[in-house]
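Let's take a guided walk through this model together. Open the coordinates in your viewer and keep the sequence at hand as we go.

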Amino acid sequence: VASSEVSSLQNYASVQVAVEKTTYQAGETVRGYVQLAVAQTTTMTSVTASLAGTARTTVHYTTHRNKKTRHHTAREHRCLLQMEAAVARFPSGSCDPGHFQCPFEFLLPTECPSTLARRGGGRNTASLDYCVGVVVARPGWTKRNLVHRVAIDVVAAPPPVVSPARVDETVRVTRCCCIDAGVMRLGALMARNAYQGGEAPEVHYAVANDSSQDVMCVLCSLNQTISFTAGNHRQNLNSCLARVEMPAVAKGARFGFSVNGDGAPLATATLQLPAEFRAFSCETPTISVRHSVVVHSITKSSFVKDPKVQLPVTLYRLTPLPAAFLVAAPVDGGSDGLVPVAAPLPYAPQASSAAPARGVPVDTTGDGVADS
């Protein structure tokens with residue numbers, strides 16, 4: 001287990017954290033305890049457990065002056081969640097030797113976004129992590145110090161599943177920029193609005209090619225856009241998670257657009273999502289992860305404006321992130337940058353070690369009310 005005690009506690013006491021489990025659903029209660037191993041009487045006035053959710057972003061930007069280009073990195077740590085519970089107080093200002101467990105509980109808000117593994121690379125990165133920390137106050141310290149922390153994985157509540165409405169687009173086709181060549185219509189709808197990794201979303205689409213141009217193919221793709229800011233600087237990361245190319249549509253052909261109640265039915269394209277991916281749909285003040293399915297009919301002529309329909313979808317997860325991410329949660333400087341993320345202790349609560357001899361447990365439930 002990595003050690004993260006500040007130097008003034010070393011050789012006197014160690015502080016570690018155990019949590020009931022490492023993955024929690026939004027709305028669940030995070031239970032655990034702070035374990036104190038005090039080798040000799042140590043001065044301290046209180047021990048506080050904290051639960052913090054932080055969106056971390058870095059953006060590279062340049063400035064120019066006197067014909068010189070300077071490179072800079074903007075960093076921002078946006079607090080999305082901060083909860084504290086005082087688990088022990090020491091009126092005498094010291095804690096006697098011994099091994100003690102100080103329990104805590106935090107109720108996660110139902111609107112918590114999922115943990116986001118670091119995206120991007122180099123100087124342009126975005127991540128969202130949750131950590132349970134231990135804050136110790138000691139006589140003579142000008143402020144309370146974070147001395148230890150462990151990461152937990154939070155999984156956002158799944159979105160309500162609905163059947164989205166169909167979206168149509170009509171484009172007037174021209175040749176040589178101004179010669180009328182008819183009209184092309186494209187319509188599309190998703191079978192559902194939300195999907196998990198490994199699923200195969202179905203896209204139903206319609207084409208009415210009332211023009212003199214052939215459609216070479218209908219391209220369906222599921223795209224991801226990660227947009228994040230640090231300070232006043234923004235970075236966008238675009239990628240395609242899945243795509244499929246559907247057959248050509250000859251001029252004069254149509255399907256999915258009925259005439260007098262008849263006509264061919266909608267065509268269906270199936271997109272295969274990867275089994276694992278680490279960015280899921282979310283919106284925070286500094287990080288936005290959006291997904292959409294784009295249906296695009298492509299003609300041979302470069303002078304034709306091809307119709308395109310964009311359908312927003314939500315990608316979510318119910319499974320934990322890989323454990324390796326939690327142990328090596330990203331740290332990009334900041335007030336907690338000197339405290340590495342440690343592995344949690346195995347959860348083994350012992351009632352006989354519930355509180356230090358001189359400690360007085362206070363508010364172990366995080367509701368702001370001291371325990372009786």
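Is Y33 buried or exposed? A quick word before the answer: this is a predicted model, so please read every value below as computed from predicted coordinates. Y33 has a relative accessible area of 3%, and because the cut-off for buried is under 20%, Y33 counts as buried.

Let's look at the surroundings of this tyrosine. Y33 sits in strand β3. Leaving aside residues up to four places away in sequence, Y33 touches three stretches of the chain that you can pick out by number: Q16, V17 and A18; Q101, C102, P103 and F104; and P346, Y347, A348 and P349. A polar contact is found here too, as the side chain of Y33 comes to 3.0 Å from the backbone nitrogen of A348. For a sense of how the chain folds back, try V87: its C-alpha lies 8.7 Å from that of Y33, although 54 residues separate the two in sequence.

Now widen the view to the strands. Strand β3 covers residues 29-38 and is joined by 7 bridges to β1, with the two running antiparallel. Two of the pairings are easy to find: A18 has Y33 as its bridge partner, and V19 is partnered with G32. Strand β1, residues 13-19, is mostly covered, with 6 of its 7 residues buried.

These strands belong to an open sheet of 3 strands in the order β1-β3-β8, paired antiparallel. The edges are β1 and β8 (98-107), each of which pairs on one side only. From one strand to the next, the twist averages 20°.

What about the nonpolar interior? The largest nonpolar core holds 49 residues, and the residues with the most contacts inside it are V34, L36, V47, L51, F104, V132 and I152. There is also a second, separate core of 31 residues, which includes V215, V249, F277 and V313.

Further along the chain, we reach a pair of strands worth displaying on their own. Strand β16 (residues 215-230) and strand β17 (residues 233-246) run antiparallel and are joined by 13 bridges. One of the pairings links S227 to N236 in β17. The two strands form a hairpin with 2 residues between them, and G231 in the turn has a positive phi of about 65°.

Which strand holds A242? A242 lies in β17. With a relative accessibility of 7%, A242 counts as buried. Beyond the residues up to four places away in sequence, A242 touches C220, S221 and L222, as well as L271 and Q272. The C-alpha of A242 is 9.3 Å from that of V293, which is 51 residues away along the chain.

Finally, consider the cysteines. How many disulfides does a search of the whole structure find? The search returns 0. Two cysteines make a nice pair to inspect for accessibility: C79 is partly exposed, with a relative accessible area of 48%, whereas C112 is buried, with a value of 7%. The labels follow from the cut-offs: C79 is called partly exposed because 48% falls between the limits of 20% and 50%.

Notes. Residues are numbered from 1 along each chain as its sequence is written. This is a predicted model: local features need pLDDT of at least 70, side-chain atom pairs count only at pLDDT 80 or more; totals for chains, interfaces and linings use all residues. Side-chain values use heavy atoms; hydrogens and water are left out. Two strands pair if DSSP finds at least two bridges between them. Helices (H or I, at least four residues) and strands (E, at least two) are DSSP runs, numbered from the N terminus. A nonpolar core is a set of buried Ala, Val, Leu, Ile, Met, Phe, Trp, Tyr and Cys residues joined through side-chain atoms within 4.5 Å. Buried means under 20% relative accessible area, exposed over 50%, partly exposed in between (1.4 Å probe, protein chains only). A disulfide is a pair of cysteine sulfur atoms within 2.5 Å. Axes are lines fitted to C-alpha atoms, for helices over the stretch in contact, and angles run from 0 to 180 degrees between N-to-C directions. Contact means heavy atoms within 4.5 Å. A polar contact is a pair of N or O atoms within 3.5 Å; within protein, one must be able to donate a hydrogen and the other to accept it, and residues adjacent in sequence count only if both atoms are side-chain atoms.
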